[in-house]
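Biologist: Could you walk me through this one slowly, as I am new to reading structures?
Modeller: Gladly, let us put it on the screen and take it topic by topic.

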Amino acid sequence: MGEWLLVLVGGAIGAPARYLIGEAARARLPSAFHWGTFLANMAASLILGFLVEAGTEGALGSTGQALLSVGFCGALSTWSTFSNELMSTASSLRIAQAASYLLVTVALGLALSFTGAAVAQTLW
C-alpha cells in the first residue's frame, strides 16, 4: 500500500476523531474557552511525541509513521482552527483569555510531546 494511501486512511480516522472530541467538549464543557480544539491538539501532541520517538527506535517504520503520525495525528490536530479561535478571541478584546489560550496550548502541547516521547523511550 502506498504511503499516500496510508496518510489518507489515517486522516480519515483522525478528522472524525477531532470532530467527535469537539462535539463532546461542546456538550460537556460549555464555556468561552475552545475546549474541543484544545483537547484534540493536546491528544495529538501526546500521541505524536510517542510515535516520533517510537519511530526513531524503529518500532513503526515508514508505513506506521505515514498512517499514524502524518495521517492520524495530522488530521486530529488543527493549527488553523487554533489560530482562527485565537484571533477571534483577541479581536473580541479578550486579550488575557487569548494570551492564556496561546501560552497554555503551546506550553502544554510541548510538554505532552516530550511526555509521549519519554513513554516511548521507556517502552523501547
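Biologist: Which residues does Leu102 touch, not counting residues up to four places away in sequence?
Modeller: Leaving those sequence neighbours aside, Leu102 touches Phe82 and Leu86. Please keep in mind throughout that this is a predicted model.

Biologist: And where is Leu102 found, in which helix?
Modeller: Leu102 is found in helix α5, and with a relative accessible area of 34% Leu102 is partly exposed.

Biologist: How far apart in space are the C-alpha atoms of Leu102 and Ser83?
Modeller: Their C-alpha atoms are separated by 9.0 Å, although the two residues are 19 places apart along the chain.

Biologist: What about Ser80, is that buried or exposed?
Modeller: Ser80, which lies in helix α4, counts as exposed because its relative accessibility is 56% and the cut-off for exposed is over 50%. From Ser80 to Ile95 the distance is 19 Å, C-alpha to C-alpha, and those two residues are 15 apart in sequence.

Biologist: Let me step back a bit. How many helices and strands does the protein have?
Modeller: There are 5 helices and 0 strands, so along the sequence the pattern reads α-α-α-α-α, with helices and strands taken from DSSP runs.

Biologist: What does the C-alpha trace span along its principal axes?
Modeller: The trace spans about 45 × 30 × 25 Å along those axes. Of the 124 residues in the protein, 31% are buried, and the accessible surface comes to about 7,100 Å², with 72% of that belonging to carbon and sulfur atoms.

Biologist: Of the contacts with a separation of 6 or more, what share comes from residues 24 or more positions apart?
Modeller: Such residues account for 73% of those contacts.

Biologist: Back to α5, then. How many residues does α5 have, and how far does α5 reach?
Modeller: Helix α5 has 29 residues and reaches 42 Å from its first C-alpha to its last, which is close to the 42 Å expected at 1.5 Å a residue. Its buried residues are Ala98, Tyr101, Thr105, Gly109, Gly116, Ala117 and Ala120.

Biologist: And how does α1 look on the same points?
Modeller: Helix α1 covers residues 3-28, which makes 26 residues, and it reaches 37 Å from its first C-alpha to its last, close to the 38 Å expected. The buried residues of α1 are Leu6, Gly10, Gly11, Gly14, Gly22 and Ala25.

Biologist: Leu8 isn't in that list, so what is Leu8, buried or exposed?
Modeller: Leu8 is found in helix α1, and Leu8 is exposed, with a relative accessible area of 52%. If you look from Leu8 to Phe114, which is 106 residues away along the chain, the C-alpha atoms are separated by 26 Å.

Biologist: New topic: how many aromatic pairs does the structure hold?
Modeller: It holds 6 aromatic pairs. One of them is Phe33 with Phe38, an edge-to-face pair at 5.5 Å centre to centre, with 70° between the planes. Within that pair, Phe33 is partly exposed at 21% relative accessible area, whereas Phe38 counts as buried at 7%.

Biologist: Does Phe38 have another partner, and if so, which residue is it?
Modeller: Phe38 also forms an edge-to-face pair with Trp35, at 5.9 Å centre to centre and 85° between the planes. These two are 3 residues apart in helix α2 (residues 35-56), so they are separated by about one helical turn. Trp35 counts as partly exposed, at 31% relative accessibility.

Biologist: Which residues form the aromatic cluster?
Modeller: Phe33, Trp35, Phe38, Trp79, Phe82 and Tyr101 form one cluster. You have met Tyr101 already, among the buried residues of α5, and Phe82 as a residue that Leu102 touches.

Biologist: One last thing, what is phi of Leu93 near?
Modeller: Phi of Leu93 is near 60°, which is a positive value in a residue other than glycine. Most residues other than glycine have a negative phi.

Biologist: Where is the place of Leu93?
Modeller: Leu93 sits in the loop between α4 (79-91) and α5 (95-123), and Leu93 is exposed, with a relative accessible area of 71%.

Technical notes:
Residues numbered from 1 in each chain as written. Predicted model: local features only at pLDDT ≥ 70, side-chain atom pairs only at ≥ 80, totals over all residues. Heavy atoms only, no water. Helix = DSSP H or I, 4+ residues; strand = E, 2+ residues; numbered from the N terminus. Expected span 1.5 Å × (residues − 1). Buried < 20%, exposed > 50% of the residue type's maximum accessible area, 1.4 Å probe, protein only. Phe/Tyr/Trp six-rings, centres within 6.5 Å; stacked < 30°, edge-to-face > 60°. Contact = heavy atoms within 4.5 Å. Areas by Shrake-Rupley, 256 points an atom, 1.4 Å probe, with all protein chains shown as cover.
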